[in-house]
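Student: Could you zoom in on one part of this model for me and go through it properly? After that, I'd like to hear how the rest of the chain looks around it.

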Amino acid sequence: MNEIGAALLGLGDKLAAHVLLSAAAIALGIAVALPLAIWASRSPAVARATLGFASLVQTIPALALLALFFPILLSLRAVFGEGLPTLGFLPALLALSLYALLPILRNAVTAQANLDPGILEAADGVGMSFWQRLRLVEAPLAAPYVMAGIRTAAVWTIGAATLSTTIGQPSLGDPIFAGLQTQNWVLVLAGCIASAGLALVADALLGTIEKGLATRRRRLSLAGLVAVLLGIVAALAVQFGNRADDRIVIGAKGFSEQYILARLIGQQLEAAGYTVDYRNGLGSAVAHQAVANGAIDVLVDYTGTIWTNQMERRDTPDRDTMLAEIEEWETRTTGTHVLGRLGFENAYGLAMPRARAEAGGFAAIGDLAARGQGMTIGGDPEFFERPEWIAVRDAYGLRFAAQRNFSPTFMYNALQSGEADVIGAYTSDGRIAADDLVFLDDPEGAFPNYDAIILLSPETGADPDIVAALQPLVGAIDVEAMRAANLSVDRDNDKLSFAEAARQLAARIGL
């Protein structure tokens with residue numbers, strides 16, 4: 001319990017960001033829903049169209065809706081300019097506002113449709129104008145029902161906002177995703193408790209406003225509204241009170257190594273006097289595009305990922321040739337600056353438990369093609385959609401009985417439990433040795449090189465001070481050091497935080 005309490009106390013900035021995002025999304029949802037409800041109450045066609053659209057939005061999973069706004073906003077840069085944000089607050093705000101629309105709109109339309117016709121006729125009979133009737137008669141009668149819809153929208157929005165971590169918006173999803181990655185259930189519980197607690201508090205305060213409106217007790221409604229506003233003001237103070245506008249934003253994909261390296265880079269920059277912020281849990285394509293367009297300033301990426309996914313190359317040259325061509329391509333097409341290799345490779349490879357591989361005679365990937373048709377292969381959430389997997393599958397003619405997606409951490413549990421027989425693992429992962437796994441040989445060279453490299457956005461790469469601060473990292477990390485750092489956060493006991501692992505890694509490599 002003490003650990004959970006300490007974790008909760010450390011979530012102040014994430015809680016503030018979550019409050020502001022949720023409040024802004026609910027406010028925007030209200031601003032859109034109420035005028036639509038008024039229009040819909042006068043037109044059955046509008047009611048069908050608006051409610052149908054809002055219902056359609058609800059059928060889209062929240063995670064997918066959040067992700068879809070990245071390419072939408074990216075395409076809108078042609079209209080609004082390169083300064084339009086594509087990650088973080090704006091796409092999260094727009095997606096969550098759409099998600100909040102349905103309950104508010106439906107309750108408002110239903111409330112107005114069920115108003116007593118006699119009351120409306122009486123209002124018309126005394127000569128009230130449209131706006132007078134709306135303000136003095138319809139709004140007070142519909143308000144409790146509208147508030148009920150807002151309460152539902154608030155609970156939905158606060159829960160869905162945890163997923164905004166995946167598009168680079170800080171939230172209470174940060175500890176949940178980080179905890180799931182490392183199986184640190186204290187972090188997961190802390191994030192869940194904070195999110196659920198926030199939803200309950202918001203529902204209680206909005207319920208106070210609803211009760212005041214239903215019983216015509218203005219002071220009760222005002223008290224609830226003031227409490228809501230005070231919470232938002234407090235979140236603003238926490239979020240922006242000591243925040244530097246010139247902070248360096250460091251991106252990280254959704255696995256342990258990326259979190260550790262992001263903190264290592266952040267600690268180097270902080271030592272040089274910079275203020276840093278982190279955008280965690282990004283997908284490969286989103287992360288690369290984000291550093292290219294300046295949505296993030298620094299990213300650790302991998303040569304093979306850029307080669308196959310961004311450059312769409314299918315050949316596999318030696319690592320020096322590959323890096324040189326990547327540097328030229330990045331300079332020519334995106335302006336992104338390749339600072340250099342970190343010194344280790346984190347390649348994809350197909351791994352099995354050593355005992356199972358030896359018993360079945362599996363030494364190379366080709367052995368899976370000959371005897372693996374009845375096996376199950378596991379991979380991370382994007383592995384089976386990546387060109388590298390398709391190239392390996394086709395090069396060896398691989399066919400499996402089933403393929404399953406797991407979070408990177410749970411892939412290894414799947415091997416131990418027998419839910420997967422072979423996985424697409426990472427060669428720098430500390431759990432390879434800890435779990436006594438073996439990588440199958442790749443004689444066809446179907447997997448490319450995956451040297452870890454530091455990418456800087458075009459603007460950041462032009463800053464000699466930032467380049468100088470990060471230069472000591474180039475060539476400094478060998479694979480054994482990276483494996484030890486990864487294992488320190490992924491092991492079952494005595495887990496380190498990402499920041500602690502980064503500090504230990506820095507000490508090990510002499511920084």
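Tutor: Accessible areas here come from the Shrake-Rupley method with a 1.4 Å probe, and for residues only the protein chains shown count as cover. This is a predicted model, with pLDDT of at least 70 needed for local features and 80 or more for side-chain atom pairs, while totals for chains, interfaces and linings use all residues. Residues are numbered from 1 along each chain as its sequence is written, and side-chain values use heavy atoms, with hydrogens and water left out.

Let's start with the whole chain. Its accessible surface comes to about 22500 Å², and carbon and sulfur atoms own 59% of that. The C-alpha trace spans about 90 × 55 × 50 Å along its principal axes. There are 23 helices and 10 strands, both taken as DSSP runs numbered from the N terminus (H or I and at least four residues for a helix, E and at least two for a strand). Of the 511 residues, 50% are buried, where buried means under 20% relative accessible area, exposed means over 50%, and partly exposed is in between (1.4 Å probe, protein chains only). Contact means heavy atoms within 4.5 Å; among the contacts with a separation of 6 or more, 75% join residues 24 or more positions apart.

Now for the close-up, and I'd pick α13. Seven of its eight residues are buried, so this helix is largely enclosed by the rest of the structure. The buried ones are Thr303, Gly304, Thr305, Ile306, Trp307, Thr308 and Gln310. What sits over them? The cover includes three strands, β1 (248–253), β3 (298–302) and β10 (451–456), along with helices α12 (284–292), α14 and α17 (387–396).

Keep following the chain and you hit Glu312 just after α13, with a positive phi of about 55°, although Glu312 is not a glycine. Glu312 belongs to the loop that runs between α13 (303–310) and α14 (319–333). Unlike the buried residues of the helix, Glu312 counts as exposed, at 58% relative accessibility. Asp436 is another residue other than glycine with a positive phi, near 55°. You'll find Asp436 in the loop between α19 (431–434) and β9 (437–439), where it counts as partly exposed at 40% relative accessibility.

For a helix with a two-sided pattern, turn to α3. With 16 residues (44–59) at 1.5 Å a residue, α3 should span 22 Å, and its end C-alpha atoms are 23 Å apart, which agrees; the expected span is 1.5 Å times one less than the number of residues. Its buried residues are Val46, Ala47, Thr50, Ala54, Val57 and Gln58. Seen down the axis, they fall within an arc of 105°, so they line one face of α3; that arc is taken over the directions from the helix axis to the C-beta atoms. On the other side, Pro44, Arg48, Ala49, Leu56 and Thr59 are exposed.

A few spots around α7 and α8 are worth a click too. Pro140 is in helix α7 and is partly exposed at 27% relative accessibility. Its C-alpha atom is separated by 8.5 Å from that of Ala214, which is 74 residues away along the chain. Not counting residues up to four places away in sequence, Pro140 touches Leu134, Arg135 and Arg216. Between α7 (130–160) and α8 (173–182), the loop holds Ser164, which is buried with a relative accessible area of 0%. Leaving aside neighbours within four places in sequence, Ser164 is in contact with Leu21, Leu66, Ala92, Gln169 and Ser171.

Then in α8 itself there's Ile176, buried at 13% relative accessibility. Ile176 and Leu189 are 13 residues apart in sequence and 7.5 Å apart in space, C-alpha to C-alpha. With neighbours within four places set aside, Ile176 is in contact with Thr162, Leu187, Val188, Gly191 and Cys192.

Last, the charges. The chain has 36 positive and 51 negative charges, and their mean positions are 11 Å apart. Lys and Arg count as positive and Asp and Glu as negative, with His and the chain ends not counted; each charge is placed at NZ of Lys, CZ of Arg, CG of Asp or CD of Glu.
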